[in-house]
Each structure stands twice: as C-alpha cells, then as structure tokens.
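Q: I'd like to take a close look at one part of this model, with the rest of the chain as background. Please walk me through it step by step.

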Amino acid sequence: MNTNKALLFGLLIVITVILVVTNRYRVIPTDINGETSDTLDTTINPKSTPVKVTISADSIKLSPKNIIINQGDQVQLTLKSVNGLHQLIVEGLSVSTPDIYDNQSQTIAFVATQKGIFQYYCKYHKDMGMTGNLIVR
Ligand SMILES: [Cu+2]
C-alpha cells in the first residue's frame, strides 16, 4: 500500500516536471490578426477596400505561401524582391508582374472575380519551390 502511494507520488512529480519543462520551451506563435508567415488571411478583417497584399521574394522563397481573399475583392498585389530577379504569375487569373530586381517592388491591381485556388509562382524559380496559393472564397 505504502509502496503504491510512493509510486503514485513519484509519478506525479515526474509528470509535473515534464509539464513545466515542455511549457518553458514551448514556442509562442506571434500571430497578429490570424496572420502567420505562411498564410495571410485578409478575410479576417474585411473592411479595407481595396485589399492590399504584399508577397516578398527572398532568394527562392515566396512569402506568404497562402493568401486568402474574398470573391469580388479589388486586390492590390505588390511583389517585393528582397534579393534576386523575380516575376510573379498568378495562374488562371491572367495576372503577372513585370520583372523586378533586388530591393524593387511592383504593384498590380486586379479583381478576384472567381472563387478557387490559384497558384502563384515566380516565372524564374517555380521549379525551386517559389510557389504559393491565392485562395479566393
Ligand atoms: Cu524568383
């Protein structure tokens, strides 16, 4: 009986230590209005007209990787090159930016007339994973 109590007590201590340690090292997400580095959801605050989104191109990475907008939104999409030569194409929407180089940016405007998931990608680095999704809902 006493052995069982001691075992139970020891188990409680172990669990407590694990909880404390995992809590201390837990990464706290820095979400602001549902925005993470990978997904920009403009539908959470559907007040701004037009909807302004910026896609940054850093070497061979586009961010955010997902952008959520509403059907009918007037979109002002800015492609910003942190470094490298890039051109953004949104497949299925006849939307593309001019070429831009280091530290340049270009803004294009369009209306999201149809719902769907439209892949965007860099014309030069698509095969290297420079892609993302424009989600119109
Ligand atoms: Cu590129």
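Which 4 strands form an open sheet, in what order do they stand, and what is the pairing?

A: Happy to walk through it. This is a predicted model, in which local features need pLDDT of at least 70, side-chain atom pairs count only at pLDDT 80 or more, and totals for chains, interfaces and linings use all residues. Residue numbers start from 1 along each chain as its sequence is written.

The sheet you ask about has the order β3-β2-β5-β8, is open, and is mixed in its pairing. Helices (H or I, at least four residues) and strands (E, at least two) are DSSP runs here, numbered from the N terminus, and two strands pair if DSSP finds at least two bridges between them. The edges are taken by β3 (61-63) and β8 (105-111); each has a single partner strand, so one side of each is left without a neighbour in the sheet. On average, neighbouring strands of this sheet are turned by 20° against each other, with direction ignored. For such angles, axes are lines fitted to C-alpha atoms (for helices over the stretch in contact), and the values run from 0 to 180 degrees between N-to-C directions.

Let's start at the β8 edge. Strand β5 (residues 74-83) runs antiparallel to β8, and 7 bridges join the two. One place to look is T78, which stands opposite T107 in β8. Past β8, the loop between β8 and β9 (116-122) holds T113. T113 counts as exposed because it has 10 C-beta neighbours inside 10 Å. The scale behind that word is simple: a residue is buried if 20 or more other C-beta atoms lie within 10 Å of its own, exposed if 12 or fewer, and partly exposed in between, with C-beta atoms placed from the backbone. T113 also has a partner that is distant in sequence: G72 is 41 residues away along the chain, with 5.2 Å from C-alpha to C-alpha.

Now to the β3 edge, where two backbone details deserve a look. As background, most residues other than glycine have a negative phi, and most peptide bonds are trans. S59, in the loop between β2 (51-58) and β3, has a positive phi near 55° without being a glycine. S59 counts as exposed, because 12 C-beta neighbours lie inside 10 Å. Further along, S63 and P64 are joined by a cis peptide bond with omega of about 5°. P64 has its place in the loop between β3 and β4 (66-69).

That loop takes us towards the other sheet, with β4 as one of its strands. Here 6 strands form an open, mixed sheet in the order β1-β4-β10-β9-β6-β7. Its edge strands are β1 (39-41) and β7, each pairing on one side only. Strands β1 and β4 run parallel over 3 bridges, and D41 has I68 in β4 as its bridge partner.

Moving across this sheet, β9 and β10 are antiparallel and share 6 bridges, with I135 in β10 as the bridge partner of I117. I135 lies in β10 (residues 131-136) and counts as partly exposed because it has 18 C-beta neighbours inside 10 Å. Leaving aside neighbours within four places in sequence, its contacts are N66, I67, I68 and I117; two residues are in contact if their C-beta atoms, placed from the backbone, lie within 7 Å. I67 is 68 residues from I135 along the chain, and their C-alpha atoms are separated by 5.9 Å.

Further over, 3 bridges join β6 to β9 in the antiparallel sense, and V90 stands opposite Y120 in β9. The loop between β6 (88-90) and β7 (95-96) contains S94. Like the earlier serine, S94 has a positive phi, here about 50°, although it is not a glycine. With 8 C-beta neighbours inside 10 Å, S94 counts as exposed.

To set both sheets in the context of the chain: it has 1 helix and 10 strands, and from the N terminus on the elements run α-β-β-β-β-β-β-β-β-β-β. Of its 137 residues, 18% are buried. Among contacts between residues at least 6 apart in sequence, 62% join residues at least 24 apart.
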